[in-house]
Amino acid sequence: MDAILAQLLNGLDKGGAYALIALGLTLVFGTLGVVNFAHGALFMLGAFCAVSFRYLITLETVTVDPTQTTAWGTALEVRTPLAQTWFGDWGGVLIDWSVPLSILLAIPVMLVIGIVMERGLIKHFYKRPHAEQILVTFGLAIVLQEIVKAIFGPNPISQAMPTALRGAADVGALIGLAPGALTYPLWRLVYFLFSAGVIAAVFGFLRFTTFGMVVRAGMADRETVGLLGINIDRRFTIMFGLAAVVAGLAGVMYTPLLPPNYHQGMDFLVLSFVVVVVGGMGSLPGAVAAGFLLGILQSFASMNQIKSLLPGIDQIIIYLTAVVILLVRPRGLFGRRGMMEN
Amino acid sequence: MALFQLSRRDALIFALFALVVITMPVWTAPFGANYPGLMQKFAIYAIFAIGFNILFGLTGYLSFGHAAFLGVGSYTAVWSFKLLTMDALPALLLAVLISGLFALVIGFLSLRRSGIYFSILTLAFAQMSYNLAYSVLTPITNGETSLQLTLQDPRLIDLAFTTRGAGLPTASLFGVTLSGLSGFYFCAVVLLIAFFFAQKVFASPFGMMLRGIKSNQMRMSYTGFNTRPYALTAFVISGMYAGLAGALLAVTDPLAGAERMQWTASGEVVLMTILGGVGTLIGPVIGAWLIKYFENIFSSFNEGILSRFFDFIPAPLHDTIVAISSKFVGEGWQLTLGLLFVLVVVFLPGGIMEGVRRIGALFRRGTPPKAGAIRVQPAE
């Protein structure tokens, strides 16, 4: 029982990442009708927003202190992070919490990147076949990835999580199990709650604001909304920016779990496409449900008991699930008829 | 025999193509690409792309998992080397057979869906093969270390006639070793056969049927065709082409690794086909050559070569240009590749073949259309 609960929890953080990326993919597809292969690159850019933020906040001033000497007899160089000079003791705290704080940098940066991407390139591809959209966004993904590689180098850059969130939470005690029977790394819990919060915010935004209502109407019938005198294109552009922000936030918060490297976008992209298709193209709840479903299934498949029963299952479970769901339910879990079938 | 006949236009294209392929060592020399290892790759990936185009170009089904068949072909060929003989023919035949069977199973399941669902199904099957080749199937695939020849291989047929020599054997054809240029010419001959067969498919009623599936599958079924067997046949044929290409990779270098099956390899063949021109005969070949050329030549450039290349530019500007352009070659050659794709898709959506056609149309604009020529418009 404990083991099953533990695996369920283990799947939640990865499922959260899948769900967030898939949600953004589906938003772009549902509003603009574009299959965006560069979406994984946006996730990766988000992660590198966190890297840049930490780099900026840990910029140091080097002063030579003549009163002290090192073991080699030279004057001691004192390095003070700028954050410490400006904010005093708070500077250390800022550096400690740099990953969550990077969100403040990531939101505007990703919004701008998304809007520039949509206005600069993707808007020319609305009427083109899906194969060409795939190709151009794939090319764009390669370009973004290589630019990041040229700036940050090919090696993963690990990001520390805040010290306060480093331990494990005794989740078992909360639901009446013996203390220590079921623990769960705090940061993973934070990630799950964070992704749930972002998902709720996106759904709330679409459901309860006038802007969201117009966007939903545009998703259902773009032309009629346009005829009513609403500039639907501009709203869809903003939705693209929003999808970029969602992917970027997923990337920022994932950095302590996976040191950012330049090709992580591609790795997640393939899985996220599987997630989107399993959920049903164009269905937002489908993307979220399939994200968590596949994340949890993957963590169950990596249990030792199951691996000894079915060797290799942990390697293929996601794809196997995708195959089974697509063969049994042709349009995925929540897909609509005629969406992307030709 | 009708089987070996081509229309006059196709025969001309074939003759020209054969000329280009056979003289490859000559015309690649000015580009610095005339070493056998790269030319073998040119021939092999051209076969892969031609085969992929039979599926994607004719039926419109975009498979994202074709590298799986390439990998299966490689593994089969290496096993044929290990167990039977170092002769290339049995290896090729077995590889085509096994990858065809593999394609039959995957195609049968995947073709139940269309559009992006088909793409994801093929992707899922290919990723499963890749992940399994790395983990559970290690006894067959030798996992991360790749399947290689060893000194203890049984090689039943070879050793029945000859004794085991010192060192690892190389692939051969009726006793002629296939390495370097002879290896390239072997690949080139196989490429020509593959190209000929593709021409036959394109010109046949079967090819028309496949085009019909692409333009309107529903109308095809209304006229009484069950389209799925045709699409499945195309899928199996293109899987066999991929297996053949994989086997040739093993012939030129008897080593088979799982990374050949990864989705990036599947993506590469999609890009080759689209870059060259989907649905054309020559396009995929050109796409394959360009990408392999970029991969091999651009990635080997370094700042020293660039510095000499830009020697004619005055000194202050020179260093900046070298510094900027060095980001696009060597380690960063993929940046060039990515930019190339974006540019081609934005400005030349039909690939390079469309560019050729546009240039051709410029020259032909002067001549008036023939009298009585009626443009047939399909009724929508």
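A residue counts as buried when 20 or more other C-beta atoms lie within 10 Å of its own. With that in hand, a good place to start in this predicted model is helix 10 of chain B, where Leu210(B), Ile213(B) and Gln217(B) are buried. These buried residues pack against two other elements of chain B, namely helix 3 (36-59) and helix 11 (227-252). Helix 10 itself runs over residues 205-222 and holds 18 residues, yet its end C-alpha atoms are only 18 Å apart. A straight helix, at 1.5 Å a residue, would reach 26 Å. The path of the helix offers a helpful detail here: helix 10 of chain B bends by about 120 degrees at Asn216(B). After the helix comes Gly224(B), with a positive phi near 100 degrees.

Helix 4 of chain B (residues 67-83) makes a useful companion case. Its 17 residues reach 24 Å from the first C-alpha to the last, close to the 24 Å expected at 1.5 Å a residue. This helix is also mostly covered, since 15 of its 17 residues are buried.

Turning to chain A, helix 1 (residues 2-32) has 31 residues, which should span 45 Å at 1.5 Å a residue. The end C-alpha atoms of helix 1 are 44 Å apart, so the value agrees with the expectation. Even so, helix 1 of chain A has a kink of about 30 degrees, and this kink is centred on Asp13(A). How many of the 31 residues of helix 1 of chain A are buried? The count is 24, so the helix is largely enclosed by the rest of the structure. Helix 1 of chain A is followed by Gly33(A), a residue with a positive phi near 70 degrees.

Two isoleucines of chain A give a view at the level of single residues. Ile296(A) sits in helix 13 (residues 284-301) of chain A. Is Ile296(A) buried or partly exposed? It is partly exposed, because 18 other C-beta atoms lie within 10 Å, while a buried residue needs 20 or more. Apart from its neighbours within four places in sequence, Ile296(A) is in contact with Leu8(A), Gly11(A) and Gly15(A). Phe240(A) is 56 residues away from Ile296(A) along the chain, and 28 Å separate their C-alpha atoms. The other isoleucine, Ile95(A), belongs to helix 4 (residues 90-96) of chain A. Ile95(A) is counted as partly exposed because it has 18 C-beta neighbours inside 10 Å. Between Ile95(A) and Gln84(A), which are 11 residues apart in sequence, the C-alpha to C-alpha distance is 9.1 Å.

Annotations from a database can be set beside the model. For chain A, an unreviewed UniProt entry carries the annotation "transmembrane region" for several spans, including residues 15-34 and 309-328. In the model, residues 15-34 of chain A are 90% helix and 0% strand, with end C-alpha atoms 24 Å apart. Residues 309-328 of chain A are 85% helix and 0% strand, and here the end C-alpha atoms lie 25 Å apart. For chain B, the "transmembrane region" annotation, again from an unreviewed UniProt entry, covers spans that include residues 42-69 and 116-137. Residues 42-69 of chain B are 75% helix and 0% strand, and their end C-alpha atoms lie 18 Å apart. Over residues 116-137 of chain B, the chain is 86% helix and 0% strand, with 29 Å between the end C-alpha atoms.

On a wider scale, chain B is divided into domain 1 (40-157 + 169-277) and domain 2 (301-364). The centres of these two domains, taken over C-alpha atoms, are separated by 31 Å. Where the domains of chain B meet, five residues of domain 1 are in contact with seven residues of domain 2. The domain 1 side of this meeting place has three nonpolar and two polar residues, with no charged ones.

Finally, the two chains also touch each other: 35 residues of chain B are in contact with 33 residues of chain A. Which elements give two or more residues to the chain B side? They are helix 6 (115-134), helix 12 (263-276) and helix 16 (333-347) of chain B. Helix 6 of chain B provides the largest share, with 12 residues. Sorted by class, the side of chain B that touches chain A has 23 nonpolar, nine polar and three charged residues.

Methods
Residues are numbered from 1 along each chain as its sequence is written. Chains are lettered from A and ligands numbered from 1 in the order in which they are written. This is a predicted model: local features need pLDDT of at least 70, side-chain atom pairs count only at pLDDT 80 or more; totals for chains, interfaces and linings use all residues. Helices (H or I, at least four residues) and strands (E, at least two) are DSSP runs, numbered from the N terminus. Ala, Val, Leu, Ile, Met, Phe, Trp, Tyr, Cys and Pro count as nonpolar, Asp, Glu, Lys and Arg as charged, and the others, Gly among them, as polar. The expected span of a helix is 1.5 Å times one less than its number of residues. The bend at a residue is the angle between axes fitted to the seven residues ending there and the seven starting there. A residue is buried if 20 or more other C-beta atoms lie within 10 Å of its own, exposed if 12 or fewer, and partly exposed in between; C-beta atoms are placed from the backbone. Domain bounds come from an automatic or database domain assignment. UniProt positions are given in the numbering used here, feature names are shortened, and annotations may be inferred rather than shown by experiment.
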